[in-house]
Amino acid sequence: MAVKDKQQIMAITASIFIAFILWLYVMGEKNPVLVRTIEDIPVTLYNTENIARSNLVMLPEQTFTINLTIKGRALDVFKVTKDDFKVEADMGGYLKRGDNNIPVEIRRKPQGIEVVSEGIFPYIRVKLDNLVAKAFPVNINVTGIPKQGYDNLEPVVKPSEILVVGPEEYINKVNYVEGQVDITGAFSDISNSIVVKPYDRERKQVLNVETDPRYVDVFVSIKSAKQVPIKVVTKNSLPKGKTIKSINLTEPNIYILGDSNVLNNIKQIETKPIDLQNIYQTTSIQVELNIPKGVYLKNKENSILVELSVENIIQKEIKLPISIQNQNGEYVYSPASEEVNLLIRGSESQLNQIDLNQFMAVLDVSELSEGEFALPIKIIKPEQFEVVSIEPEKIKIKINKK
C-alpha cells in the first residue's frame, strides 16, 4: 500500500513539473495577451479649492478608489500593481450639494499596458454638503470644588459667542458649545485659555466640524463665601383693620460672596422696602434684594419671593375674675365685684385660639389699710393683644380688721 501511495505522489509531482515547464515555454516563447482587473487604485483629487469657492465642503469618511481592467502581454500584466498607476480627479468643474460624479484621469500607467474602458469612462462619486457657519453662545462648565470657605462667581468668557463651521448635515446636530474649567482647591482668581467643543442634545460631541476661534479666554473670580439670613423690610402700614399674620420667604437665607474684609461685616441681607399701604389680603411679592457694595450673589438672582399672610383685626369680649394681690393677713378684703368685662383687640387667628389663663385682672392692696377704696384694675395680658376697654375701670373694695 505504501509503495502505491509513493508512486501516486511521484506521478503528481511530475505532472506539476511538466505543467510548469510548459507554462514557462508558453510565456517565454508565445507570451499571449491577457486581460486582468486591478482593484482599489487610489484616486488623488486636485483643484479642491474649488469646493470651498462653491460654498461646499466634502463630507468625511470618504475614500476614493477605482478598479481598472487592463490588457497586455501576459508577462507584463502579471507584474502590474495598483501602485503603478497615477489616477486623478479634477474638482475644478461645476459642483453641487449631494453626490457628484467626477471623471478620473489616468496620468500614469505601466508601459505596454492598455486600460480597457468597455465604453464606460471611469469616475468617482464625491459627496459634498453646504459649507455652513453658525454662531453659538459659549457655555462654560465649571467643575470641581474650591477651597473650603470659598466659591466662584459666574465665569466671564471672551469671546462670548463663536462660529461653528462645517457641513450643514453636522452643523444641524450642534445644540451648544462648551468649554470646561476646573476650580478644584482654588482660593484665588483663575484665568485660562481653553478649547471649546460642539455638542448635540444628548451631550455627545459633534465631530467633523470646527470652531472659530478654537480657543476662548475664561476668567473665574474666586471669592470668600458664607450664608446669611434675609430680613424683609417694610414701609408704611397696612390698611385699617388688617395685620400681618406671618412673613414667609421661598429661601430664608442667601449665599453671598465677596472679599473677606467685606463679608465679615455682613450679618444679614435686607430686601428693598415693601409698601404695605395697599395690601388688603395675603399676597406674594417678588422683592429685590438690597445688595451692599462689594457683595456678590452666585446665581445672580437679585430678588426673592415674599409671602405676606394678611388677616383681619377683630375685637372680642372676655370676663376675668378679679385677683387681689399683696393682701395683709390682718384684714378682710371685700371687693364690690368679683369679675370685670374686658374688650380686647387682636388678629383673628390669635383671638380664635385665645387662652384665658394668660390674662389676669389684678387689684393691688399692698399699701392699703382699713377703709373703703376705689382701685384701678391692672390687666396682665400677652403682648400681641390690645385692651380696648375695661368695665368697670375701677373696683370699690372694703378693708376691715379681722
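This note walks through strands, salt bridges and two buried residues in a predicted model.

1. **A three-stranded sheet.** Start with the open sheet built from 3 strands. Their order is S25-S31-S28, and the pairing is antiparallel. Strand S25 covers 331-335 and strand S28 covers 371-376. These two are the edge strands, and each pairs on one side only. From one strand to the next, the twist averages 30°. As background, strands of a sheet pair through backbone hydrogen bonds, and they do so either parallel or antiparallel.

2. **Inside that sheet.** Look at S25 beside strand S31, residues 394-401. The two are antiparallel and share 5 bridges. One pair to find on screen is Tyr-333 with its bridge partner in S31, Ile-399.

3. **A salt bridge beside the sheet.** Lys-401 and Glu-330 form a salt bridge through their side chains, at 3.6 Å from N to O. Where do the two residues lie? Lys-401 is in strand S31, while Glu-330 is in the loop between strand S24 (303-325) and S25. The pair therefore ties together parts that are 71 residues apart in sequence. Lys-401 is partly exposed, at 46% relative accessible area. Glu-330 is also partly exposed, at 47% relative accessibility.

4. **Strand S24 and its antiparallel partners.** Strand S24 pairs with several strands, so take them in turn. Strand S18 (residues 242-249) pairs with S24 in the antiparallel sense over 7 bridges. There, Thr-243 stands opposite Glu-311. Strand S22 (residues 283-290) is antiparallel to S24 too, with 6 bridges. Thr-283 has Leu-308 in S24 as its bridge partner. Strand S26 (residues 339-347) joins S24 over 9 bridges, again antiparallel. Here the bridge partner of Lys-319 is Asn-341 in S26.

5. **A parallel partner for S24.** Now check strand S27, residues 360-364. Does S27 run parallel or antiparallel to S24? The two run parallel, and 4 bridges join them. Gln-325 stands opposite Asp-364 in S27.

6. **Glu-311, a buried charge.** Glu-311 sits in strand S24. Glu-311 is buried yet has no salt bridge. Which side chain of opposite charge is nearest? That is Lys-245, 5.0 Å away. A salt bridge needs the side-chain nitrogen within 4 Å of a carboxyl oxygen, so this pair does not count.

7. **What Glu-311 does contact.** The side chain of Glu-311 makes a polar contact of 3.2 Å with the side chain of Ser-347. Another polar contact, of 2.8 Å, links the side chains of Glu-311 and Ser-349. Leaving aside residues up to four places away in sequence, Glu-311 touches Gly-241, Lys-242, Thr-243, Lys-245, Ser-347, Glu-348 and Ser-349. Thr-243 is thus in this list, and Thr-243 also stands opposite Glu-311 in the pairing with S24.

8. **Salt bridges overall.** How many salt bridges are there? The count comes to 12. In general, side chains of opposite charge can pair when their charged atoms come close. One of the salt bridges joins Arg-97 and Asp-129, at 2.7 Å from N to O. Arg-97 lies in the loop between strand S4 (86-90) and strand S5 (98-108), and Asp-129 lies in strand S7 (residues 123-143), so the pair ties together parts that are 32 residues apart in sequence. Their settings are worth checking. Arg-97 is partly exposed, with a relative accessible area of 47%. Asp-129 is buried, at 3% relative accessibility.

9. **Two more cases.** Lys-204 and Glu-202 also form a salt bridge, with their closest N and O atoms 3.7 Å apart. Are these residues buried or exposed? Both Lys-204 and Glu-202 are exposed. Elsewhere, a network of salt bridges links Lys-86, Glu-88, Glu-105 and Arg-107.

10. **Val-216, a buried residue.** Val-216 belongs to strand S15, residues 215-220. Val-216 is buried, with a relative accessible area of 1%. Val-216 and Asn-192 are 24 residues apart in sequence, and their C-alpha atoms are 8.3 Å apart in space. Val-216 touches Asn-192, and among its other contacts are Val-138, Val-157, Pro-159, Ile-162, Ile-194 and Val-196. This contact list leaves out residues up to four places away in sequence.

Definitions and conventions. Residues numbered from 1 in each chain as written. Predicted model: local features only at pLDDT ≥ 70, side-chain atom pairs only at ≥ 80, totals over all residues. Heavy atoms only, no water. Axes fitted to C-alpha atoms, helices over the stretch in contact; angles between N-to-C directions. Buried < 20%, exposed > 50% of the residue type's maximum accessible area, 1.4 Å probe, protein only. Lys, Arg positive; Asp, Glu negative; His and termini not counted. Polar contact = N/O pair within 3.5 Å; in protein donor to acceptor, adjacent residues only side chain to side chain. Contact = heavy atoms within 4.5 Å.
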